[in-house]
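Hi there,

Here is the structure I promised to pass on to you. Have a look at it first, and then read on for what turned up.

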Amino acid sequence: MMRFGFYSAMKALPWGGSEELWSRAAHVLLDRGHSVCISYRKQQQTPAPLKKLRRHGARMRWHGRPLLGRTARRSLARLGLNTNPHVGWLDRTRPDLVVITVGIHTDDCTMADACRRRGIPYVVNLQSAGDAHWMHEGNLDDFRGMYLGARACFFVSAENLDIVETNLAARIPQAAIVANPFHVSWQAAPDWPDEADGLQMACVGRLHLESKGQDLVVDVLRRDKWRARPLSVVFWGSDHGDRRRLNDLIRLHGLGDRLSIGGFANDIEELWSRHHALLLPSRYEGSALALLEAMLCGRTAVATTIGRAGELLADNQTGFLAAAPTADLLDEALERAWQRRSEWRAMGTLAAQRIRATYSACPEADFASLLEQVAAGGEIHRRSDWVSAAQGEAA
Amino acid sequence: MRLAFYSTITGLPWGGSEELWGQAALLLARRGHEVFVNMQRWPEVPNRLTELVEAGADVHRRRRSRGGRGLLRAVRQCGVHWHPQARWLSRVRPDFALITSSYHIDDVSIVDACLRRRIPYAMNLQCASRLQWIDPRDLEPMRRAYASARVCFVLSRENAEILSANLAMPLEHVQIVDNPYNVSRKPRVPWPEGEPWRMACVGRMHFLSKGQDLILRVLRQEKWRSRPLVVTFYGQDQGNERQARDLVRLWELERHVEFGGFVPRVEEIWANNHALLLPSRYEGLPMVTVEAMLCRRACVVTCCGRNGDLVDDNETGFVAQAATVKLLDEALERAWQARHQWREMGELAALRVDQRYSRQPVEDFADRIEALAAGRVSRARSAA
């Protein structure tokens, strides 16, 4: 039996899709008889998945914001003073392996630093990467230490791995690509919605324009040709600060009759029983749960070639890929989709078959097994075709 | 008249975003106006500031704000009208202020102090992108800043659209202006003879904005390794040069990539290069595109900022629809197939830019500031 420590760098929201893989894997490890301790950012209300983990036997530690910034900590470290806020927790819990989950590739690396100080092996589980955030001279060595010093680095897409290696300007030999879990059943097959009132697409993701690109949907649908077509889009997801701005944009362009904000949806299968296709104009992603779930529910998707979308969707077969998150390129992909709208149902059926043939039915159990393997001293070696897959996109 | 120039730039002591107001302020000082400047203090004093002081301008180099925007937000939430530079504004009492925002998310809360003192002002936005968004907590003051300005100067229609989307409000008093450039109008630049084909990527070494990483990610592909093409990076380091050099080593691109450092004489760059390669993720109006075109060079650029209006795809250059490896590769491939036409395309580029770009952007801008300050211009409707 082993002791696993889980640390999440999540700070912007109480909970999110990035937290699903580690938290579910923690459940699996508890079921398998291991002990689990968790360090999570202090919240006003404990997120439900953490309450469940605690009931299941996990030990919680709530960490606050670091009192000192990165520069101050580095200066004090040069004087031999340890100000890392996580060392004490590691000393108390002495995990056999720490799983560090980071929402974006430039998130904080204090826990990795603490693990290295204490000689405790750790793995990094990166949930998204993109071009809006870059490592730089001031923090490059810290990040190289974090990623290259890990026993394994788990990515959710080859595109993310390529971005991180470009950021680090280094190869990560112990990289592996893992699958993210989903919120629908493996057998999900929601009914096809009525088409009498036109086609309804769902744009599923936090209301956060920087990452999820909902503004691009407004920019495309405000164009004259789209105003004449019976197509509506509902934005589903929790507010990450941009609900008001999105609402104002919809009003500004007089699109209230075809764009609406639906809020957070708990029942994803029920959501897909009311929508014909997914619209996912993300600017950066890891592996969007929304895309996995739409495909499992038999829905086609119009998505930007970001994160894992380029690997999961076959362009013009199971969905329509926009080459980049710009209004013109999203328009181009949506136009192709519109011209083949009578085939959406069949394409969705094919998407459901393909995802079940190629994707794990239980990603959290697979991930838990990988963690057991690493904690027992096993090594992770990257497959040689990953970077060539990322390069191949350009070829 | 008493004219105030406030710049938001914080990441650098000076930059391309400062040239328009800096040169216009110098000209206005020489025309006899009282010029006041407020910009962040750095250990080094930019040459342009020294010139301004010599021309009689009153330059205030403000300290870096200790509490940053968090402090300003907290003060605002308490309903207190306070700004660290309000005293400067009270002292200067300008007839007109120009607020230059080097990037659309920069803090422009100085505008509230202008509004309370009934000082008319214009905004001068030098760059915008959709990669970063105005913080929702700053949305209202930012809206107020742009909505209450006499004019919002921007450098491209694309930037105006980005700003409008960020603020989620219409911008009806936008005017597009040209930035000054650093070459003569018809420079004599010899064409470099012989192989390899040489392209120059000119700009600060800053992956987020200038996208130099994309060039390396394109060139690492097998097909480019066998082609006689050399790309030279010119420009100062802004945090990513070490990564660029390490990537060149990691991907064994030494035969195809060189580092030229900062070259003050632009003509010198073009005397050694056949074309521009500019894979920016965002821009306002890249001076390097204008300068390369004036120096009769074709341009391979991404469609951001003014690039899309300056470069005619397949005629005076090659435009990648977005800053991605795949789309840059596609544009560069078209360019490579047409490399024997680069010289002619460059000649055409010089003609086109001469037709589309002001011969005297600084004088034009100074005239507009004078007219605004004199109240001769009512709130203009959008040109964008």
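In chain B, the axes of α9(B) and α15(B) come within 9 Å and cross at roughly 70°. The helices α9(B) and α15(B) are therefore roughly perpendicular to each other, since an angle of 65 to 115 degrees counts as such. Please keep in mind that this is a predicted model. On the α9(B) side, the residues that meet α15(B) are Leu214(B), Arg217(B) and Val218(B). They face Val325(B), Leu328(B), Asp329(B) and Leu332(B) in α15(B). Sorted by class, this contact has five nonpolar and two charged residues, with no polar ones.

Both of these helices turn up again where the two chains meet. There, 31 residues of chain B are in contact with 30 residues of chain A. On the chain B side, at least two residues each come from α8 (207-210), α9 (212-219), α11 (241-250) and α15 (325-337). Which helix gives the largest share of that side? The answer is α11(B), with five residues. By class, the side of chain B that touches chain A divides into 16 nonpolar, seven polar and eight charged residues.

Stepping back to chain B as a whole, you will find domain 1 (2-178 + 359-373) and domain 2 (197-356). Domain 1 of chain B is thus written as two stretches of sequence, 2-178 and 359-373. Measuring over C-alpha atoms is how the centres were compared, and 30 Å separate those of domain 1 and domain 2 of chain B. Nine residues of domain 1 of chain B are in contact with 11 residues of domain 2 of chain B. On the domain 1 side of this contact, three residues are nonpolar, five are polar and one is charged.

There is another helix pair in chain B that I would like you to look at. Helix α1 (residues 19-30) and helix α17 (residues 361-373) of chain B have axes that come within 9 Å and cross at roughly 70°. That makes α1(B) roughly perpendicular to α17(B), and their crossing is right-handed. From α1(B), the residues involved are Leu20(B), Gln23(B), Ala24(B), Leu27(B) and Leu28(B). They meet Pro361(B), Val362(B), Glu363(B), Phe365(B), Ala366(B) and Ile369(B) in α17(B). By class, the contact of α1(B) with α17(B) has nine nonpolar residues, one polar and one charged.

Over in chain A, the thing to look for is a sheet. Six strands form it in the order β10-β9-β8-β11-β12-β13 (chain A), and the sheet is open with parallel pairing. Its edge strands are β10 (259-263) and β13 (319-322) of chain A, each of which pairs on one side only. On average, neighbouring strands of the sheet are turned by 25° against each other, direction ignored. Within the sheet, two bridges join β8 (residues 199-204) of chain A to β11 (residues 277-280) of chain A. One residue to pick out is Met201(A), whose bridge partner in β11(A) is Ala277(A).

Helices pack on this sheet too. Helix α9 (residues 214-221) of chain A touches β8, β9 (231-236), β10 and β11 of chain A, and its direction makes about 165° with that of β9(A). Helix α16 (residues 344-358) of chain A lies across β11, β12 (300-304) and β13 of chain A, running at about 80° to β12(A).

Best wishes

Notes
Residues numbered from 1 in each chain as written. Chains lettered and ligands numbered in written order. Predicted model: local features only at pLDDT ≥ 70, side-chain atom pairs only at ≥ 80, totals over all residues. Domains from an automatic or database assignment. Contact = placed C-beta atoms within 7 Å. Nonpolar A, V, L, I, M, F, W, Y, C, P; charged D, E, K, R; others polar. Pairing = 2+ DSSP bridges. Helix = DSSP H or I, 4+ residues; strand = E, 2+ residues; numbered from the N terminus. Axes fitted to C-alpha atoms, helices over the stretch in contact; angles between N-to-C directions. Parallel < 35°, antiparallel > 145°, perpendicular 65-115°, else oblique. Left-handed = near helix turned anticlockwise from the far one by under 90°.
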